Amino acid sequence: MSSSSALDDHGLDPIDEQFGPEEVDTTMNSQQDYPYPLTPGSRKHPWNNALVEQRIVAIKNAVHKASEEALQRTDPSSQQVLENADPNNASFHLGMELFGSEPALIEESIQENLTTLEKDVQQVLQQIRTEQQPSHQDSSSLAQTSFTAVKQMEAHVLRFKIQFLRQCSRVRQLVDEATVLSDASLSLSSTIEADQPVEDWVQAIRKLLQAEQVWEKTHRMLQQQQEQQEQSAPHDHVMANELNKAREMMDLLRQDIRNPKVEILRHVQTVWQNCITLEPETLFVRGYKSPLRHGQSLSSSLPPAPPLEQAYNVMQVLADEQQHTLLQELLLPFANRLYDEVLAPVLQSHKKSPSSSSSITGGGGVVCWEFHEMEERGTASTSSRSALATSTTLSGHAVRSLEWARDEDKTTEKDVITGWKETFAFLERILTFVADYALLGRPPLLELVGRRLLGVATTSGSDDDDSGAIPRDLRLHELGLTSFRLGNDHGILMGPLTDLLVDTCVPDYVAPDNLSVLRESKTRLEDIVGPFLQTMADKGLMTMPKSTVDDAPLSSTSSYLLRQFTDGFLQKYVDHRQSLKVAEARSLILQNDYHNTVQVGVDVASINPEDQQLGLDDGRKVFLLHQSSISSTAFELMKLCRQCMDEAVEYAAAVPQSEPVALADLPATLYHAARQVLDLYRAIVPVRYGKEAAEVPRTAAILYNDCIFLAHHCLSLGLLYRDKFAAATAKNDGDDTLLQRVCIFVDKVPVFRDMADRCMRQMLDRQAKEIQNLVSPRIELLDKALRSEEIVAEWADAESALNAALYHLRHLAQTWKPVLSYDMFQSTIGYLADVMFTLFADQVLKAKDFSTDACQFVHQLFGKALDSVFDLLKGGPAFVVDKNVRTWNRFQAIGRAMDMSLNDIEAALSDGVFSSVTGQDLTKLIQAAFDDSPRRQELLRLLASSS
């Protein structure tokens with residue numbers, strides 16, 4: 001193998017890429033204790049294996065000594081071990097004598113020595129590559145090639161060690177420099193005297209960040225070397241041990257970086273906490289500006305930066321490098337405390353009480369505030385109310401304080417908007433003080449705190465994404481939620497502020513002839529909110545659109561919510577009216593007892609004699625709502641629906657077409673609210689009472705009647721109010737409106753009727769199955785038992801089955817008769833009677849033979865069933881039982897046939913008694929009831945010919 005291929009297999013190119021010639025200092029400033037100094041004349045040595053071996057051994061010794069010194073400087077616990085191994089420790093002590101005890105200078109000397117070693121290694125590699133190219137293959141040349149490959153690999157390993165040690169030395173140098181800077185600063189910051197600066201914090205933290213970058217670069221180099229070593233020489237235990245030592249050294253260096261960094265952050269946090277003190281009625285800020293030293297004039301040189309600014313500088317450097325979140329950890333809790341302890345209690349005073357007026361001009365407590373702002377030295381006598389004043393470590397710096405308290409003399413009962421004017425003035429004063437003194441007017445800090453207080457909550461939860469704002473008209477309290485934010489914690493002040501403005505400033509109702517109050521309120525609110533937003537934007541606490549035609553959407557700015565409120569104040573009232581109507585409807589459905597009923601409709605069961613004489617007895621029934629009982633919920637909902645339409649007509653008559661679009665749309669909005677009231681019934685009642693309506697007969701009947709009642713009114717409601725809208729428009733000297741042309745409710749009729757049919761059909765199927773379960777098991781052997789000449793148990797079972805079915809029908813009749821209309825009651829009971837009659841008739845027709853006693857039993861059983869059903873259904877002058885019980889005549893004919901002779905049957909055939917019974921069924925009855933005779937055969941032939 002050639003020397004070049006051996007180098008390629010070793011694969012050290014990644015190291016060359018990371019630590020190439022641009023990082024090697026070619027300036028030789030110190031003489032090395034090394035037998036082969038790198039001089040211009042030494043680049044051309046005659047080729048000699050012994051010379052190469054000697055130079056590599058010398059480099060190894062120098063690297064070993066440098067490694068020991070590096071380990072000693074990295075891990076002080078290894079100093080005793082190294083002193084025992086090398087009592088003289090000549091190179092280290094020589095460096096101390098030459099450069100003094102300054103660690104940074106020692107590290108510079110070490111780096112220069114290592115750079116010299118690396119240059120010599122590169123020279124050896126170059127000399128091996130270029131000066132020994134064997135021209136023929138013999139035993140000596142092969143040995144020379146093997147020697148060259150081994151030495152090349154050793155030289156590359158040595159170069160890696162030198163590069164590694166130089167980078168570690170660079171890390172130690174940066175840490176030492178940062179430690180020197182931070183130790184001086186922290187020793188001064190422990191007292192924070194006014195005449196001593198702490199300007200080295202930023203420089204120290206920057207050097208620590210730079211040390212972290214060098215450490216990361218060195219760590220990647222070490223990982224790559226380890227991977228290459230595992231691939232090329234996995235069993236080289238010596239190299240593995242050296243790599244383990246290198247990893248230990250890297251861990252120690254990382255700890256050396258972290259310790260001063262943590263100490264600086266702890267002191268920065270302490271300084272910030274000592275500089276800013278927040279109390280429920282006081283805010284103190286200290287160290288916000290550079291103090292003048294004793295005897296110093298304004299014309300003197302610039303004083304050092306104040307401690308608070310220095311603390312912010314350090315935190316901002318870390319935030320920019322994404323190394324630490326101390327800035328957020330301090331300022332965001334401060335913003336939360338500011339809201340919870342100062343701003344939120346002021347907002348709570350605007351919350352409506354249950355007895356408060358809903359009018360804009362209604363009375364409300366207007367809280368006025370008195371502020372005292374001052375600046376003085378932070379001595380023990382500054383303020384007895386603040387812990388800041390008693391801190392002996394904060395003497396010397398100016399203290400800026402803002403105190404506030406209620407001005408009871410100016411607190412009066414005035415309108416709501418006046419109260420909000422005072423509240424916005426309070427918010428502006430507090431936030432302005434925070435921006436100017438607590439945040440020092442720094443844009444990143446203002447943006448951070450402003451986003452927390454005045455930002456826009458989003459659903460994405462991203463701190464950098466202000467898109468997708470949550471709809472502010474979402475009534476979360478209806479869902480059982482108390483938070484106004486979903487997704488993140490932006491806008492903890494803006495959200496409640498906007499919600500309270502909507503709740504308190506938007507009236508519940510304004511009379512149609514008093515709409516000017518709305519326009520005046522909108523102007524007053526704009527005069528209050530506009531200057532507040534501008535001040536917050538000037539201070540940097542929120543963003544404002546640059547112009548009305550700004551490319552950015554308005555919702556992307558933090559002033560969006562308040563702007564939307566003031567600009568759309570009239571629309572807020574319109575939406576509020578609609579939401580109130582819908583909320584009232586929802587409350588009616590959910591809170592009213594659905595089982596309370598109200599009787600509505602006309603009793604059409606009794607016939608007017610005059611109409612009967614004119615042939616109009618059934619004519620009006622089509623247009624009348626038959627008398628029935630509906631739920632009080634449906635009754636109140638229809639009343640609310642009509643109230644919405646009446647109010648819409650009033651506004652249509654009072655609002656001219658020249659009004660703003662929001663007010664002009666008020667009648668149409670109320671029309672939609674009326675339709676939504678009906679939609680709420682369809683949406684909620686089937687879900688809330690659907691299971692009960694499927695199991696309880698009375699609930700099913702009430703739900704059926706409700707749907708019929710609502711459908712009946714929807715037939716004519718649109719036509720009725722279309723004429724009223726036309727009259728209102730004519731009164732207002734306006735043209736026909738779109739609302740007048742599209743006002744309909746008839747589209748709701750099929751929906752409600754289908755809902756009613758499904759409800760009652762489901763209940764009837766359930767009751768029919770109940771009757772079948774009561775009857776079928778008891779009469780399944782009745783057809784065979786009818787041949788018996790004496791009474792058997794099956795006859796008794798059949799009689800008990802009939803009694804059970806009749807009892808069930810009587811119970812349903814008692815439940816439904818007071819609720820359902822007359823016709824619906826007849827139809828439902830008649831349908832269930834048909835089920836019962838069919839079950840008994842089918843069993844009788846299946847019998848092959850009847851005894852005389854069995855015929856009498858069946859005749860009496862069927863007669864009892866007919867009489868009982870007739871008693872349940874009778875009522876009304878126009879009562880016809882077979883109109884609603886479709887199997888009445890068939891069942892009656894079968895029962896009568898059981899008590900007839902063949903002659904009687906023949907006579908009844910001519911009279912049409914058996915017209916509802918098929919010839920096949922009648923043939924079965926005759927064959928089973930009568931013995932074979934010429935008379936029976938003649939009658940059967942007659943039936944066969946007639947069929």
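A residue is called buried here when its relative accessible area is under 20%, exposed when that value is over 50%, and partly exposed in between. With that in hand, start at helix H30, where Trp888, Arg890, Phe891, Ala893, Ile894, Gly895 and Ala897 are the buried residues. The model you are looking at is predicted, and in it H30 is mostly covered, with seven of its ten residues buried. Those buried residues pack against helices H27, H28, H29 and H32.

Now step back to the whole chain. The protein has 947 residues, and 47% of them are buried. Its secondary structure amounts to 33 helices and eight strands. If we take contacts between residues at least 6 apart in sequence, 80% of them join residues at least 24 apart. On the outside, about 46,100 Å² is exposed, with carbon and sulfur atoms supplying 50% of that area.

Inside, the largest nonpolar core holds 218 residues, and Tyr681 and Met836 touch the most other members. Not counting residues up to four places away in sequence, the contacts of Tyr681 include Ile589, Ala634, Leu703, Phe752 and Met755. There is also a second, separate core of 19 residues, with Val175, Leu243, Ala246 and Ile257 among them. As a general background, nonpolar side chains in soluble globular proteins tend to be buried together.

Helix H15 is a good place to check geometry. Its 24 residues, 516-539, should span 34 Å at 1.5 Å a residue, and the end C-alpha atoms are 35 Å apart, which agrees. Among the buried residues of H15 are Val517, Leu525, Phe532, Thr535 and Met536. The buried residues of this helix pack against H12, H13, H14, H16, H17 and H20. Just after H15, Gly540 takes a positive phi of about 90°.

One of those partners, H12, contains Glu428. Leaving aside neighbours within four places in sequence, Glu428 is in contact with Phe532, Thr535 and Met536. The C-alpha atoms of Glu428 and Pro531 are 9.5 Å apart, although 103 residues separate the two along the chain. Glu428 counts as partly exposed because its relative accessibility is 28%. In the loop between H12 and H13 you will find Leu440, whose phi is near 60°, a positive value in a residue other than glycine.

Charged pairs come next, with 26 salt bridges in the count. Arg337 and Glu341 form one of them, at 3.2 Å from N to O. Both lie in helix H11, four residues apart, which is about one turn of the helix. Helix H21 holds Arg682 and Asp679, three residues apart and again about one turn; their side chains meet in a salt bridge at 3.2 Å, N to O.

A third pair joins two strands: Glu375 and Arg400 form a salt bridge, their closest N and O atoms being 2.6 Å apart. Glu375 lies in strand E4 and Arg400 in strand E5, so the pair ties together parts that are 25 residues apart in sequence. Glu375 is partly exposed at 33% relative accessible area, whereas Arg400 is buried at 18%. These two also belong to a network of salt bridges that links Glu373, Glu375, Arg400 and Arg429.

Finally, look at the surface. Leu715, Ile744 and Val746 make a nonpolar patch of about 220 Å². Ile744 sits in the loop between H23 and H24, and counts as partly exposed because its relative accessibility is 33%.

Note on methods:
Residues are numbered from 1 along each chain as its sequence is written. This is a predicted model: local features need pLDDT of at least 70, side-chain atom pairs count only at pLDDT 80 or more; totals for chains, interfaces and linings use all residues. Side-chain values use heavy atoms; hydrogens and water are left out. Helices (H or I, at least four residues) and strands (E, at least two) are DSSP runs, numbered from the N terminus. Buried means under 20% relative accessible area, exposed over 50%, partly exposed in between (1.4 Å probe, protein chains only). Contact means heavy atoms within 4.5 Å. Accessible areas come from the Shrake-Rupley method with a 1.4 Å probe; for residues, only the protein chains shown count as cover. The expected span of a helix is 1.5 Å times one less than its number of residues. Patches are made of residues with over 30% relative accessible area and no salt bridge: like charges are joined within 9 Å, nonpolar side chains (Val, Leu, Ile, Met, Phe, Trp, Tyr) within 5 Å. A salt bridge is a side-chain nitrogen of Lys or Arg within 4 Å of a carboxyl oxygen of Asp or Glu. A nonpolar core is a set of buried Ala, Val, Leu, Ile, Met, Phe, Trp, Tyr and Cys residues joined through side-chain atoms within 4.5 Å.
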